[in-house]
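Thanks for making time this morning. I would like to walk you through one structure, going from the whole chain to a few places in it, and I will try to say no more than the coordinates support.

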Amino acid sequence: MPDSSSYAQTTLTKVSENIYRSVSSGVYYALVKKTGKQIKRSMKTRDPQLARRRLREFQEQIEKVELQSGRTHVTFDETAARWLEVLKPTMKPSSHLRKVTCVKALKKHFEGKRICTITRRMCEDWAVIRAPQRAASTFNYEKEALFNILQYAIREGIILDNPARSLKRKKLLKKELIIPTQEQFAKLISHLRSLTIRHQEAANLLELLAYSGMRKGEANAFRWGDVHWKRKHFVVSGGEFGTKNYEARTVPLFPALASFLKRLQKVRNSVNPKDLFVPIESAKSALSTACRDLELAHFTHHSMRHYFVSNAIEKGVDFKTIAAWVGHKDGGLLVAKTYGHLRDTHSMEMAKLITAP
């Protein structure tokens, strides 16, 4: 008759050396004794052969941690700094800066603590304090950074388990899309062009975003050489740091965009293929001023990308094609999820035009 054991309110039946099976769920567990301590780990499987393979991997992991036992003094700060250093060569500067910001926030809670002393309770205490203080997206970024730093410590053989494993993401509230109407957009651009030279360049950046569907970072890197007039398309490369998904895309030269670029070309007199279309990186201040002057909603750079997509939807362009134009790799799922209600609204408005004979 197999031995039975109750561990952490889970009734386990011994199957073989170091392998137990949950009576209720059938999931296999590893129970290993090392230096007088019993270590338990779910094998996350009901397959006995897979459980045995994972037991061997678990035992090897324990041995690795024992070999590194002299590193128990390593702190959270040191581990986080090394993690950031390893990530840096493979990330965009903006993405890496976000990780750095997350680490700074985490250090307020974990600074000076030895990695091997961080417990699940400590991670949960951090989440209880931090979650109400931060927006969902910020909290989730920090939680992910904490988890990954501790995963890095596991790979380095400093700890055996990740105490942040049980932390849950904070639910993101769906933001209301703030999209200018065509009339509002026209007023916005006209107002900016009536102001200073600086505002002229702000208008240029906003028109480029609105007529191309590019992200702000992509528009900042857009050069005259990226436009192929004869082939009637333009290339979005993202410049030195690439696009969000690191893939350049070729997009048709839309009539509104072509008209705008020709007008801009005349203003510039002569252009070099290496010249940026817009020399400023941001129109944030000018845009805020114009929205306030015109008593409009607070539009952002990204509102112009929304404007492009909404116009495409109203023209009847399918979601898959729009997704390809704006650089989504999901075949249109995100566009449908984010903007589907616009198509429904447009469809209802069009339906009113169908009158009885």
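Let me start with the hairpin, where strands β6 and β7 are joined with four residues between them, and where Lys 232, in the turn, has a positive phi of about 60°. Please keep in mind throughout that this is a predicted model. That phi value deserves a remark, since it is positive in a residue other than glycine. Lys 232 sits in the loop between β6 and β7, and it counts as exposed because its relative accessibility is 62%, with exposed meaning over 50%.

Before going further into the sheet, let me give the overall picture. The protein has 357 residues, of which 41% count as buried, and its secondary structure comes to 13 helices and eight strands. If we take the contacts with a separation of 6 or more, 57% of them are accounted for by residues 24 or more positions apart. The accessible surface comes to about 21,300 Å², and 53% of that belongs to carbon and sulfur atoms.

Now back to the sheet. It is an open sheet of three strands in the order β6-β7-β8, and the pairing is antiparallel. The edge strands, β6 and β8, each pair on one side only. As a reminder, strands of a sheet pair through backbone hydrogen bonds, either parallel or antiparallel.

How many bridges join β6, residues 227-228, to β7? There are two, in the antiparallel sense, and in one part of this pairing Val 227 has Phe 234 of β7 as its bridge partner. On the other side, β7 and β8, the latter spanning residues 249-252, pair in the antiparallel sense over four bridges. Within that pairing, Val 235 stands opposite Thr 250 in β8, while Val 236 has Arg 249 as its bridge partner.

The faces of the strands are worth looking at alongside the pairing. For β7, residues 233-236, both faces are covered, with His 233 and Val 235 buried on one side and Phe 234 and Val 236 buried on the other. For β8, by contrast, there is a covered face, made by Arg 249 and Val 251, and an uncovered one, made by Thr 250 and Pro 252. Putting the two together, Val 235, which is buried, stands opposite Thr 250, which belongs to the uncovered face of β8.

Let me turn to the helices. Two packed helices are described by the angle between their axes and the distance between the axes. For helix α7, residues 197-212, and helix α11, residues 301-314, the axes come within 6 Å and cross at roughly 35°, and the crossing is right-handed. On the α7 side the contact is made by Leu 205, Leu 206, Leu 209, Ala 210, Tyr 211 and Ser 212, and on the α11 side by His 301, Met 304, Tyr 307 and Phe 308. By class, these residues divide into eight nonpolar, two polar and no charged.

Staying with α11 for a moment, the loop between α10, residues 284-294, and α11 holds Glu 295. Glu 295 is not a glycine, and yet it has a positive phi of about 55°. Is Glu 295 buried or exposed? It counts as exposed, because its relative accessibility is 74%.

Finally, two places earlier in the chain. Thr 75 is in the loop between α1, residues 48-67, and α2, residues 76-87. Why does Thr 75 count as buried? Its relative accessibility is 16%, and the cut-off for buried is under 20%, so it falls on the buried side. Leaving aside residues up to four places away in sequence, Thr 75 touches Gly 112, Lys 113, Arg 114 and Ile 115.

The other place is Lys 104, which lies in helix α3, residues 93-110, and which counts as exposed because its relative accessibility is 60%. Lys 104 and Asp 77 are 27 residues apart in sequence, and their C-alpha atoms are 9.5 Å apart in space.

That is where I will stop, and I am glad to take questions.

Conventions:
Residues numbered from 1 in each chain as written. Predicted model: local features only at pLDDT ≥ 70, side-chain atom pairs only at ≥ 80, totals over all residues. Heavy atoms only, no water. Buried < 20%, exposed > 50% of the residue type's maximum accessible area, 1.4 Å probe, protein only. Pairing = 2+ DSSP bridges. Axes fitted to C-alpha atoms, helices over the stretch in contact; angles between N-to-C directions. Left-handed = near helix turned anticlockwise from the far one by under 90°. Contact = heavy atoms within 4.5 Å. Nonpolar A, V, L, I, M, F, W, Y, C, P; charged D, E, K, R; others polar. Areas by Shrake-Rupley, 256 points an atom, 1.4 Å probe, with all protein chains shown as cover.
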